[in-house]
Amino acid sequence: MTEHANTSAAPADTTPAGATLIAHILSVAAAAGDKPFLVEAGLTRLSFADLEPRTARLAARLVALGGKPAARIVVQVDKSVEAVLLYLAALRAGMVFVPLNTAYTATELAYFIGDAEPAVVVCRPADEAAVRAVAGAARVVTLGADGTGSLLEDLPQQGLPLAAGEAGDLAAILYTSGTTGRSKGAMLTHANLLSNALTLKDLWRWQSDDVLIHILPIYHVHGLFVALHGALLAGASVLFHQGFDPAAVIADFAAATVLMGVPTHYTRLMDSPEHCPGACAHMRLFISGSAPLLAEAHQRFEGLTGQRILERYGMTECGMITSNPYDGDRVAGTVGYPLPGVAVRVRGDSGDLVTNGEPGLLEVRGPNVFAGYWRNPDKTAQEFRADGFFITGDVATQAPDGRITLVGRAKDLIIAGGLNIYPKEIEEAIDALPGVAESAVIGVPHADLGEAVVAVVARQRGAELSGDGVMAGIADSLARFKHPRRVVIVDELPRNAMGKVQKAALRAEHGGLFVPKP
Ligand code: MLC
Ligand code: AMP
């Protein structure tokens, strides 16, 4: 037996609600009554009792715009209470929610719209003209950070009844890049999202008297699903922050119980002068994920606050996969055990499964694992084993008791500040510039972001090429967070005997650009 399954059952779905995630959420909301759900700057902006009527009217508006079950709705808007309502209303209407990072450029957006073929696109008011230019047949409406916009005009008086959906219906498509540099849409069903959320509710001991500090963007798994579903299914309140201001978060600790963040959030919190153990006394749980939390940061946080961060591991295609235990050892530098109902295994270089602590590719199977890549059966087939295990691309070791430690990535991926950046996509943009022979994009250690993007660019013989020129050349096509923090111009890239660019050598050479070399 070489596969470690956590056979403790995923929580039984015993609620009288329907099969879909939104049916469960609305059933919890009905029981929670007037209790605050989203609170901003001390004001209740949305109570649980508001969820039924407000999602009903907004869902009716989506239908009036052409929305219907299984139709996609692409959403690129700032974080706001209304944006959360929009997500829930789309689910209520049976639509497939496709959230996009607000940093994406019009070029990137055009690709997503072309691929998802949405019935409706919701964008920021300032982007409306640019979005209309690439929206094709989709209806375009706007939603601003202040909760105004054409989406919320002409809201029908008559709300839409909850769609009678099935657990296997698609709830969302989240785009995630592959090694090809082109994003693929991960199709997530109601069953995927609901099973993961119910499992985490039990595992992390969510209670209705919890208060979550929400600092994450709501276009990724972490902020949209892990954080919001946890609070929604527990009937717990959320202190909703539009961005991340360490002082504002620390000020909320006294009224809150749970914080979820990426490692950059924790390092920035620790660098804040207001930080002290007393400030955290009311908090019961600090959770970190989306990127590796250095053991040193874990220990420093405990020293400063007396709290041991609970690190968990997940990905867009699977939601959460493993978690350190709530009770028991939260071991720094590890991501804990597979979630109840989820099986993981490690496949070594030889292709055999290993359990002896050797590193290998981590594979996962369970109700959390996505339904495949949108309109991409070939890529879907490549990423799954015949017995249904999904190949994560993460390299891990597994201790005899099943505990997982991530030790690397087989996929060429940089994670900066919890955001995934695919070198191939940046290399393709740089290689297309005049004067460039080729380029290699690498991630190097960065104290704030974990990793930072560096582009090593080989110029064509005799060509004039500068770092500024390269940056200007990619500015309009790639989102800002993907832009290299440093461009190094060289005559040629180092290659091994097989002619392959030696990224490891480049990482070793440039690894000290932002932090002292060890
Ligand atoms: C912002 N910038 C970044 C960046 N975030 N650059 C690289 N990496 C990042 N993550 C750039 C901006 O483009 C801008 O550049 C400058 O930094 C300042 O922007 P900002 O908006 O003021 O940034 P800030 O508020 O400081 O944001 C940093 C951050 C944010 C860490 C708070 O990136 C963040 O919220 N990260 C979390 C992402 C997340 O939710 N990941 C979960 C993915 S789900 P310029 O040049 O314009 O000044 C997943 C699965 C799982 O991975 O397991 O959870
Ligand atoms: P995404 O595709 O944006 O969902 O990112 C998923 C990837 O983030 C995973 O495949 C991991 O490489 C990484 N990741 C998530 N959580 C952790 C963690 N706790 N430690 C290290 N890497 C993580």
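The largest cavity in this predicted model has a volume of about 120 Å³. Its lining is formed by 14 residues, and those closest to the centre are Asn 192, Leu 193, Asn 196, Phe 225 and Gly 319. Two elements, helix H6 (190-203) and helix H7 (221-234), give two or more residues each to this lining. The largest share comes from H6, with 5 residues. By class, the lining of the largest cavity comprises 8 nonpolar and 6 polar residues, and charged residues are absent from it. A search of the whole structure for cavities of 30 Å³ or more returned 2.

The second largest pocket has a volume of about 320 Å³. It is lined by 13 residues, of which Asp 412, Glu 427, Lys 500, Val 501 and Lys 503 are the closest to its centre. At least two lining residues are supplied by each of helix H12 (423-431), strand E24 (436-446) and helix H14 (503-510). H12 gives the most, with 4 residues. The class composition of the pocket lining is 8 charged, 3 nonpolar and 2 polar residues, whereas the lining of the largest cavity has no charged residues.

Two ligands were then considered in turn. Ligand 1 is surrounded by 20 residues, and the closest of these are Arg 268, Ser 290, Arg 312, Ala 416 and Arg 480. Polar atoms in the side chains of three of the closest residues were found at short listed distances from ligand oxygen atoms, as follows. For Arg 480, a polar side-chain atom lies 2.4 Å from an oxygen atom of ligand 1. The corresponding separation for a polar side-chain atom of Ser 290 is 2.6 Å. In the side chain of Arg 312, an N or O atom is 2.8 Å from an oxygen atom of the ligand. On its own, ligand 1 has 1,000 Å² of accessible area, and the protein covers 70% of this.

Helix H9 (263-270) and strand E14 (310-315) each contribute at least two residues to the shell around ligand 1. H9 provides the largest share, 3 residues. The shell divides into 8 nonpolar, 8 polar and 4 charged residues.

Ligand 2 is surrounded by 17 residues, with Arg 312, Thr 316, Asp 394, Lys 411 and Asn 420 the closest. Arg 312 is thus listed among the closest residues for ligand 1 and for ligand 2. In the case of ligand 1, the atom concerned belongs to the side chain of Arg 312, while for ligand 2 a polar backbone atom of Arg 312 is 2.7 Å from a nitrogen atom of the ligand. A nitrogen atom of ligand 2 also lies 3.5 Å from a backbone N or O atom of Ala 291. The side chain of Lys 411 places an N or O atom 2.6 Å from an oxygen atom of ligand 2. Taken alone, ligand 2 exposes 500 Å², of which the protein buries 91%.

Strand E14 and strand E21 (404-409) each supply at least two residues of the shell around ligand 2. E14 gives the most to this shell, with 5 residues; E14 also supplies at least two residues of the shell around ligand 1. By class, the shell around ligand 2 has 7 nonpolar, 5 polar and 5 charged residues.

With regard to the overall fold, the protein has 14 helices and 26 strands. Along the principal axes, its C-alpha atoms fill a box of roughly 70 × 55 × 55 Å. The radius of gyration is 23 Å, which agrees with the value near 24 Å that a compact globule of 518 residues would have.

Definitions and conventions. Residues numbered from 1 in each chain as written. Chains lettered and ligands numbered in written order. Predicted model: local features only at pLDDT ≥ 70, side-chain atom pairs only at ≥ 80, totals over all residues. Heavy atoms only, no water. Near = heavy atom within 4 Å. Polar contact = N/O pair within 3.5 Å; in protein donor to acceptor, adjacent residues only side chain to side chain. Areas by Shrake-Rupley, 256 points an atom, 1.4 Å probe, with all protein chains shown as cover. Nonpolar A, V, L, I, M, F, W, Y, C, P; charged D, E, K, R; others polar. 1 Å grid on protein atoms, 1.4 Å probe; cavity = no way out; pocket = protein on both sides within 12 Å on 5 of 7 lines; lining within 4 Å. Points joined across faces, edges and corners; volume = space filled by probe spheres on them. Rg over C-alpha atoms; globule rule 2.2 N^0.38 Å.
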